[in-house]
Amino acid sequence: MEISVIFKIAGIGLITAVLNIILKKSDKDEIATFITIGGLIMVLLIVVDMIGGLFDNLKNILGVY
């Protein structure tokens, strides 16, 4: 696993948290919720891509086609 993936996920989390706090302070709770859901979806896409790569590596190692 590359360390850059961890930094990407942490960066998305930090940006999402800061935007969430700013928007909640300005009474825009709905937009803050959408930003949080968007950040979660981005992280889930990264994780799903990594799991797909894991299965590809397992197929190559085990010789399953």
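Which residues of α1 are buried? They are V5, I12, T16, N20 and L23, where buried means under 20% relative accessible area with a 1.4 Å probe, counting protein chains only. Before we walk on, a word about what you are looking at. This is a predicted model, in which local features need pLDDT of at least 70, side-chain atom pairs count only at pLDDT 80 or more, and totals for chains, interfaces and linings use all residues. Residues are numbered from 1 along each chain as its sequence is written, and side-chain values use heavy atoms, with hydrogens and water left out.

Let's start with the helices themselves, which are DSSP runs of H or I with at least four residues, numbered from the N terminus. Helix α1 covers residues 3-25. Its 23 residues, at 1.5 Å a residue, should span 33 Å, and the end C-alpha atoms are indeed 33 Å apart; the expected span is 1.5 Å times one less than the number of residues. Just after α1, D27 takes a positive phi of about 55 degrees. Helix α2 then takes up residues 29-62, and for its 34 residues the expected 50 Å agrees with the 49 Å between its end C-alpha atoms. Just after α2, G63 also has a positive phi, of about 75 degrees.

Now put the two helices together. Two packed helices are described by the angle between their axes and the distance between the axes. Here the axes of α1 and α2 come within 8 Å and cross at roughly 170 degrees, the axes being lines fitted to C-alpha atoms over the stretch in contact, with angles from 0 to 180 degrees between N-to-C directions. That makes α1 roughly antiparallel to α2, a label for angles over 145 degrees. Among the α1 residues making the contact are I9, L19 and K24, and the α2 side includes D29, I35 and M50; contact means heavy atoms within 4.5 Å.

The buried residues of α1 pack against α2. On the other side, the buried residues of α2 are A32, G39 and V43, and they pack against α1.

Finally, take a closer look at N20, which sits in α1. Why does N20 count as buried? Because its relative accessibility is 19%. Leaving aside its neighbours within four places in sequence, N20 is in contact with A32 and T36. The side chains of N20 and T36 also make a polar contact at 3.2 Å, that is, a pair of N or O atoms within 3.5 Å, one able to donate a hydrogen and the other to accept it.

Notes
Helix = DSSP H or I, 4+ residues; strand = E, 2+ residues; numbered from the N terminus. Buried < 20%, exposed > 50% of the residue type's maximum accessible area, 1.4 Å probe, protein only. Parallel < 35°, antiparallel > 145°, perpendicular 65-115°, else oblique.
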